[in-house]
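Subject: Structure handover

Hi,

Here is the structure I promised to pass on. Have a look at it first, and then read my notes underneath.

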Amino acid sequence: MSKQRSVIIGSGSYLPPNIVTNEDLAKTVDTTDEWITARTGIKQRHIADKDMLTSDLATEAAKDALKNAGIDASEIDLIVLATATPNRTFPATAITVQANLGITQGCAFDVQAVCSGFVFALTVADNMLQAGNFKKALVIGAETFSRIIDWTDRTTCVLFADGAGAVVLETQQGKGTIADRGILYSHLRSDGRYEDMLYVDGGPSQGKEGFVKMSGNDVFKHAVKKIGASIEQALTDNNLVSDDIDWFVPHQANKRILDAVAKRIKLDESKVVVTVDKHANTSAASIPLALHEAVKDGRVKKGDLILIEALGGGFTWGSMLFRW
Ligand code: UT7
């Protein structure tokens with residue numbers, strides 16, 4: 001039975017030029033390159049200059065994705081932008097990106113699921129395309145996470161960073177099988193009982209700005225367990241085994257989480273796309289940044305089956321399967 005599929009026809013990314021190494025951080029907080037490398041796999045991160053907003057990073061990533069998709073911005077009628085660090089409380093950062101790209105048709109809005117934001121945004125866009133109301137979508141993950149970090153807190157400031165990644169989706173006719181190109185499956189979850197393990201201690205309704213607070217050890221354990229279960233569900237629901245996956249493009253929070261999840265699902269480590277060493281944790285931007293890197297260097301090829309996953313504050317978590 002034929003089925004419409006949302007196919008990714010291009011990807012792009014943008015990283016602010018300023019690189020901060022572990023050694024740089026060790027000069028300002030009580031940490032070492034050895035600790036950060038051993039506990040997280042992170043060696044460096046990109047940090048946006050003060051005058052650079054989330055919309056600026058997102059617009060650059062979107063332009064790159066449009067160029068690589070070979071289409072003009074005027075063809076886009078849907079923008080879904082995942083971010084936990086919007087320019088303003090309102091309007092949505094996606095609206096600014098829409099204007100920056102000169103798009104005056106369709107609609108644009110933000111999705112807030114923190115580090116799982118890209119998985120949620122891609123699912124939302126896919127469903128809107130499938131409903132038949134839109135034709136071509138930009139899905140963007142963009143963050144200036146450095147703005148919500150307490151730079152004197154060594155337990156969080158070494159982990160997070162800035163960046164943006166984007167993909168262009170268009171509907172194409174598939175056969176309705178797992179061999180189709182495009183988005184094949186999505187599994188989304190959230191559970192607010194874990195809110196206090198990873199959060200920002202402020203926000204508009206509280207009348208104060210805040211910083212990221214995290215119970216790292218607890219988040220680590222939940223991440224491995226919940227992401228592992230989500231992926232197992234994805235494989236079972238689609239009659240797949242881990243050997244069927246060509247590329248695993250996980251949210252880049254910690255190399256040890258990536259290794260533990262790959263081990264749990266018995267996936268060969270050569271299939272795991274790792275950028276956490278260079279980008280650190282860019283929250284909603286981390287998956288499209290990693291995906292685009294693997295596309296750019298030729299690892300991801302047409303027809304490859306790709307698995308993505310993430311867990312973020314809330315908790316929110318989930319996994320997706322798509323064929324490139
Ligand atoms: O993307 C959203 C999801 N987020 C995550 O998935 C993050 C999940 N958590 C993690 O990645 C890890 O838990 C961390 C990297 C945050 C921490 O690693 P850990 O192995 O769980 O370390 P820990 O929190 O148990 O801390 C061990 C020690 C502590 O010292 P004591 O109490 O043993 O004396 C910390 O104070 O390491 C200390 N420590 C540091 N030392 C040097 C914490 N941060 C640092 C630091 N430099 N930056």
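Below is what turned up in it, going from the overall build to single residues.

Some ground rules before the details. This is a predicted model, so to speak with its own filters: local features need pLDDT of at least 70, side-chain atom pairs count only at pLDDT 80 or more, and totals for chains, interfaces and linings use all residues. Residues are numbered from 1 along each chain as its sequence is written, and side-chain values use heavy atoms, with hydrogens and water left out.

Overall build

The protein has ten helices and 13 strands (DSSP runs numbered from the N terminus, with H or I and at least four residues for a helix, E and at least two for a strand). Its radius of gyration is 18 Å, close to the 20 Å that the globule rule gives for 324 residues, so the protein is as compact as a globular protein of that length. For the record, that radius is taken over C-alpha atoms, and the rule is 2.2 Å times the number of residues to the power 0.38. The C-alpha trace spans about 60 × 45 × 40 Å along its principal axes. Of the 324 residues, 58% count as buried; buried means under 20% relative accessible area, exposed means over 50%, and partly exposed is in between (1.4 Å probe, protein chains only).

Helix α10 and its surroundings

Nine of the eleven residues of helix α10 (residues 286-296) are buried, so this helix is largely enclosed by the rest of the structure. Among them are Ile287, Leu289, Leu291 and His292, and also Glu293. That glutamate has a partner: the side chains of Glu293 and Lys278 meet in a salt bridge at 2.6 Å, N to O (the criterion is a side-chain nitrogen of Lys or Arg within 4 Å of a carboxyl oxygen of Asp or Glu). The pair links distant parts of the chain, with Glu293 in α10 and Lys278 in helix α9, 15 residues apart. Glu293 counts as buried at 18% relative accessibility, while Lys278 is partly exposed at 32%.

Just after α10, Gly298 takes a positive phi of about 90°. Asp297 and Arg299 meet through their side chains in another salt bridge (2.8 Å, N to O). Asp297 is partly exposed, with a relative accessible area of 44%, and Arg299 counts as partly exposed at 26%.

Other charges

The structure holds 13 salt bridges. One of them joins the side chains of Asp33 and Lys43 (3.2 Å, N to O). Asp33 lies in helix α2 (residues 33-40) and Lys43 in the loop between α2 and β3 (44-46), so the pair ties together parts that are ten residues apart in sequence. Asp33 counts as buried at 14% relative accessibility; Lys43 is partly exposed at 37%. There is also a network of salt bridges linking Glu75, Lys136 and Glu170.

On the surface, Asp243, Asp244, Asp268 and Glu269 gather in a patch of negative charge. For a patch like this, residues need over 30% relative accessible area and no salt bridge, and like charges are joined within 9 Å. Glu269 sits in the loop between α8 (255-264) and α9 (276-279), and at 67% relative accessibility it counts as exposed.

Backbone oddities

Most residues other than glycine have a negative phi, and most peptide bonds are trans. So which spots are worth a look here?

- A cis peptide bond joins Phe90 and Pro91, with omega about -5°; Pro91 is in the loop between β4 (78-82) and α4 (93-100).
- The bond from Gly314 to Phe315 is cis too, with omega near -5°; Phe315 is in the loop between β12 (305-312) and β13 (316-323).
- Val114, which is not a glycine, has a positive phi near 50°. Val114 is in the loop between β5 (107-111) and α5 (117-130) and counts as buried at 18% relative accessibility.
- Ser283 has a positive phi of about 50° although it is not a glycine. This serine is found in the loop between α9 and α10 and counts as buried at 1% relative accessibility.

Cheers

Methods
Patch = residues over 30% accessible without salt bridge, like charges linked within 9 Å, V, L, I, M, F, W, Y side chains within 5 Å. Areas by Shrake-Rupley, 256 points an atom, 1.4 Å probe, with all protein chains shown as cover. Lys, Arg positive; Asp, Glu negative; His and termini not counted. Charge placed at Lys NZ, Arg CZ, Asp CG, Glu CD.
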